Amino acid sequence: MMNYDLVVVGGGPAGMAAALKAKECGVESIIILERAETLGGILEQCIHSGFGLTYFGEELSGPEYAARFIEMVEKTDITVKTDAMVLDISESNLVTAVNKKDGLLKIQAKAVVLAMGCRERPRGALEIAGSRCSGIMTAGTAQKYVNLDGYMPGKKVVILGSGDIGLIMARRMTLEGAEVKVVCELMPFSGGLNRNIVQCLNDYNIPLRLSTTVVECHGKDRLEGVTIAQVDDKLQPIESTKEYIECDTLMLSVGLIPENELTKNVGIAIDRVTNGAVVDEMRQTDHKGVFACGNVLHVHDLVDFVTMESQLAGQGAAEYILNGEKETVYVNSTTGNGVRYLVPQRVNIKNGNDVKLYFRVGKIYKNAKVVLECDGEVISSKKKVKLAPGEMENVVIPADVLAKMNENSTIVVRVEE
Amino acid sequence: MCYDVAIIGAGVIGALTARELSRYKLKTALLEARHDVAMGATKANSAIVHAGFDAMPGTLKASFNVKGCEMMPGVCKELSVPYKNNGSLVVAFSEEEMETVKKLYDRGIANGVPQLSVIGKDELKALEPNLADNVCGALRAESAGIVCPYELTIAATENAVTNGVDCIRDAKVEAIDFADGVFTLKTAAGDIKTKYVIDAAGVHSDDIARMIGDESVEIVVRRGEYFILDKSVGNTVSHTIFQCPTKMGKGILVSPTVDGNLLIGPTAEEIDDKDDVSTTPSGLRDVKTFSVKSCPSVSTRNAITSFSGNRAHPVTDDFILGPSKVNPQFIHASGIESPGLSSAPAIAVYLAKVVTDAIGNVEANESFNGERKEVFRFRHATDEERAAAIARNPAYGRIICRCETVTEGEIIDAIRAPAGARDVDGVKRRTRAGMGRCQGGFCGSKVVEILARELGCEINDITKFGDGSNILFDKTK
């Protein structure tokens with residue numbers, strides 16, 4: 001058995017940022033366990049630009065953004081094991097992992113950072129009728145085939161779901177010579193970033209059809225076409241609007257699911273909306289010494305925010321390792337009108353710092369206000385020209401407001417139209 | 001070369017029959033039209049080992065079912081495939097349905113089904129607390145069980161091949177000639193000569209019979225649609241829960257699977273295109289509606305995937321087993337709808353006997369070994385077993401499928417096995433890679449790479465399930 005102060009599960013942008021921050025805070029022994037052959041996570045296949053605008057103030061591609069952190073990790077004495085899959089985390093933070101070289105690894109950790117990322121929602125979860133032929137894949141899988149393996153997964157493409165990966169792949173496939181016929185979105189709005197709709201669809205004249213879904217796949221061997229239909233306000237397909245579209249590929253970009261199987265096995269409480277752990281402002285879960293950050297906690301829109309959140313987790317883990325448990329008085333954050341979820345779900349009012357609450361709204365708002373209310377008092381009310389489900393928002397609880405709270409206090413974030 | 005026996009169709013009947021025949025010094029061929037074995041009704045059914053109370057006394061279905069149910073645990077053990085004796089319940093929702101339950105009980109007793117009882121509401125709810133509150137009682141059959149039908153078929157094929165059977169895939173039979181006591185099967189894999197033919201071609205068995213001029217077999221195709229739900233709800237029920245049967249079948253069931261998922265379905269719809277295994281919006285809706293009647297907590301929000309399978313319903317409503325009236329060297333194994341899987345071990349023994357009796361003086365195959373060595377399954381292994389396996393072969397230390405914890409070593413084993421995997425779905429059925437909640441989102445491309453490496457081809461040659469089901473086109477520009 002090995003001993004490490006900190007075990008970081010996942011070597012994507014979240015894991016690397018958390019490990020680096022913990023190192024900076026003075027944690028001596030840190031190990032990153034990464035499932036893939038290299039550090040970097042999903043960024044390695046995101047060869048488009050648009051990363052780093054917020055964090056670095058410049059526009060980078062995914063691999064470039066990752067490379068900056070990989071270089072920083074390499075300059076430290078952080079141990080990295082790639083091709084290593086974590087199988088289990090025990091009640092006492094004993095981590096079991098496996099790889100080809102070391103076989104079974106047993107690592108006793110003082111603290112653990114969960115940074116496993118997320119996975120794409122597959123076809124099976126959607127109840128699309130029809131055949132189970134080839135040519136139906138998630139947009140991320142298609143992205144790997146094109147960008148890493150160098151093969152075309154399709155020539156005539158329909159994309160279901162207007163999540164960011166789907167939008168990015170619409171442009172990518174077009175640039176590679178495929179015909180992207182349409183992007184269908186079940187909801188009356190896109191779940192992706194506005195900039196991606198403009199740069200990936202509008203610039204290439206790819207139609208985005210809102211309130212439209214794929215109801216059936218056709219083709220015995222390879223996909224030959226799909227039937228699409230508009231949906232009513234209960235999201236049920238309208239029979240009279242059915243339309244056949246010939247295509248050999250259906251790409252799905254219909255949501256991301258945080259990969260929390262390990263988290264659940266530890267018995268950590270999960271937020272039903274984010275599908276990630278319930279955490280405090282340092283991203284500590286309800287299991288002492290276990291922190292979570294990045295897309296395993298909640299799906300982010302920009303990697304920059306993943307980095308910043310993960311630094312908090314790294315700092316939190318470092319404080320836990322170096323100073324032990326802190327005095328804590330928790331107050332839950334509560335979602336008000338229009339707010340789907342809040343992260344962190346609870347705040348230690350003894351924290352002493354400003355606390356940023358991240359959230360997403362449930363629909364598109366124009367000229368609405370984001371209101372933070374603590375103990376019934378409006379702390380801030382910010383006017384927003386536009387709020388959209390595809391974009392993450394945040395509000396800050398100032399340190400002096402937190403200092404005045406007690407265990408019966410309330411924190412509410414809501415949208416006012 | 002001329003085979004003694006050629007079995008047309010490598011479903012559960014064909015594969016188990018091939019294995020039975022490999023006990024003898026016979027040259028046996030197992031022919032399969034598709035790219036892999038277990039591609040028809042075998043891979044898409046309820047995966048139930050029925051106790052045997054459904055079929056009318058005196059039918060082939062009744063006798064083979066009861067016998068097959070008794071044999072199944074032993075066969076599964078020999079072949080190292082999972083079997084679970086979980087028992088079944090036919091649930092009644094009214095006094096009228098309780099009458100049906102009692103009739104089924106009487107029928108079961110007449111068929112010789114052991115361990116049958118009629119239980120009341122309290123006992124039923126104690127056994128299965130997640131059943132609906134308006135249940136009245138049930139028929140309990142403790143001998144019923146669950147298996148994985150494609151794993152059973154793959155294992156039986158492997159064992160048959162190990163014992164000398166030739167398994168020839170992509171060998172669709174297009175025509176059959178007969179001269180001088182020998183059949184010539186015109187197949188996509190070339191001409192195959194054989195003295196005896198066993199027609200186990202499932203929904204196509206009537207087409208095959210017609211090739212020798214036997215018009216007696218008439219198959220109607222009934223499609224059944226299902227959902228597979230996530231393992232997180234796999235313990236909703238422990239028994240297989242049936243509703244009272246109707247004319248079209250046994251109704252919608254809710255059942256655990258040997259892999260820990262929950263299975264709900266099937267519908268029953270007669271269709272014309274024998275190979276159309278599409279699911280339909282209305283079929284999936286029916287499965288949802290009717291499964292909730294048994295278990296209100298069942299929700300397709302936990303669905304991992306949906307699928308459908310086509311069952312070969314004989315218009316005579318009973319299995320068609322035995323020599324053809326047109327040519328006694330041609331042996332029917334047709335109309336094997338439910339309880340076909342349950343009956344399969346017994347049908348296989350019967351068919352082997354028909355052939356060996358007809359040939360006469362058949363010698364035993366002394367080197368026959370009916371035991372199939374257990375396949376290493378990382379997810380089931382202890383830490384010690386895992387460490388030892390990785391020391392033996394480091395590929396057991398590389399996890400490819402996260403959801404089902406499948407290693408590269410297991411995938412390589414599946415490809416290199418006798419009649420091994422040659423496509424992505426073949427790897428999936430043999431190892432469960434891609435069968436979990438992400439449905440191959442992560443491991444799919446890795447499985448493609450491993451297949452290409454092992455088979456010595458390019459990754460764009462790899463298919464999902466043979467034929468034109470390629471996954472990738474050309475290289476990018």
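## Domains of chain B

Domain bounds here come from an automatic or database domain assignment. The model itself is predicted. In chain B, that assignment gives three entries. Domain 1 covers 2-42 + 150-218 + 317-359. Domain 2 covers 83-147 + 220-313. Domain 3 is written as 378-461.

How far apart are the centres of domain 1 of chain B and domain 2 of chain B? Taken over C-alpha atoms, the separation is 30 Å. The two domains touch, with 11 residues from domain 1 of chain B and 9 residues from domain 2 of chain B in the contact. On the domain 1 side, polar residues number 6 and nonpolar residues 4. There is 1 charged residue on that side.

## A helix pair in chain B

Helix α10 of chain B spans residues 408-416, and helix α12 of chain B spans residues 444-455. The two pack with their axes 10 Å apart. The angle between them is about 45°. An angle under 35 degrees would count as roughly parallel, and one of 65 to 115 as roughly perpendicular. α10(B) and α12(B) are therefore oblique to each other. Their crossing is right-handed.

Which residues make the contact of α10(B) with α12(B)? From α10(B) come B:E408, B:I411, B:I412 and B:I415. They meet B:V447, B:I450, B:L451 and B:E454 in α12(B). By class, this contact has 6 nonpolar residues and 2 charged ones, with no polar residue.

## Where the chains meet

Helix α12 of chain B also appears where chain B touches chain A. Across this interface, 44 residues of chain B are in contact with 39 residues of chain A. Four elements of chain B each give two or more residues to the chain B side. They are α7 (281-294), β18 (303-314), α9 (383-392) and α12.

How do the residues on the chain B side divide by class? Nonpolar residues number 18 and polar residues 17. Charged residues number 9.

## Domains of chain A

Chain A is also divided into three entries. Domain 1 is 1-119 + 256-326, domain 2 is 122-254, and domain 3 is 328-417.

The centres of domain 2 of chain A and domain 3 of chain A lie 35 Å apart, taken over C-alpha atoms. Each of these domains gives 6 residues to the contact between them. On the domain 2 side, 4 residues are polar and 2 are nonpolar. No charged residue is found on that side.

## A helix pair in chain A

Helix α1 of chain A (residues 13-24) crosses helix α2 of chain A (residues 62-74) at roughly 35°. Their axes come within 10 Å. The crossing of α1(A) and α2(A) is left-handed.

α1(A) brings A:P13, A:M16, A:A17, A:A19 and A:L20 to the contact. α2(A) brings A:A66, A:F69, A:M72 and A:V73. Nonpolar residues number 9 in this contact, with no polar and no charged residues.

## A mixed sheet in chain A

Strands of a sheet pair through backbone hydrogen bonds, either parallel or antiparallel. One open sheet of chain A has 4 strands in the order β10-β15-β16-β17, and its pairing is mixed. Which strands stand at its edges? They are β10 (129-130) and β17 (243-246). Each has a single partner strand, so one side of each is left without a neighbour in the sheet.

β17(A) pairs with strand β16 of chain A, residues 225-230. The pairing is antiparallel, over 4 bridges. Here A:V226 stands opposite A:I245 of β17(A).

## Strands 21 to 28 of chain A

An open sheet of 3 strands follows the order β22-β24-β27 in chain A, with antiparallel pairing. Its edge strands are β22 (339-343) and β27 (393-397), each paired on one side only. Neighbouring strands in this sheet are turned by 30° against each other on average, direction ignored. Strand β24 (residues 355-361) joins β27(A) over 5 bridges, antiparallel. A:L357 faces A:V395 in β27(A) as its opposite residue.

Strand β21 of chain A (residues 330-335) pairs antiparallel with strand β23 of chain A (residues 346-348) over 3 bridges. In that pairing A:Y330 stands opposite A:N348. β21(A) also runs parallel to strand β28 of chain A (residues 411-416), again with 3 bridges. There A:T335 has A:V413 as its bridge partner.

Terms used
Residues are numbered from 1 along each chain as its sequence is written. Chains are lettered from A and ligands numbered from 1 in the order in which they are written. This is a predicted model: local features need pLDDT of at least 70, side-chain atom pairs count only at pLDDT 80 or more; totals for chains, interfaces and linings use all residues. Two strands pair if DSSP finds at least two bridges between them. Axes are lines fitted to C-alpha atoms, for helices over the stretch in contact, and angles run from 0 to 180 degrees between N-to-C directions. Two residues are in contact if their C-beta atoms, placed from the backbone, lie within 7 Å. Ala, Val, Leu, Ile, Met, Phe, Trp, Tyr, Cys and Pro count as nonpolar, Asp, Glu, Lys and Arg as charged, and the others, Gly among them, as polar. Angles under 35 degrees count as roughly parallel, over 145 as roughly antiparallel, 65 to 115 as roughly perpendicular and the rest as oblique. A crossing is left-handed if the near helix is turned anticlockwise from the far one by less than a right angle, and right-handed if clockwise.
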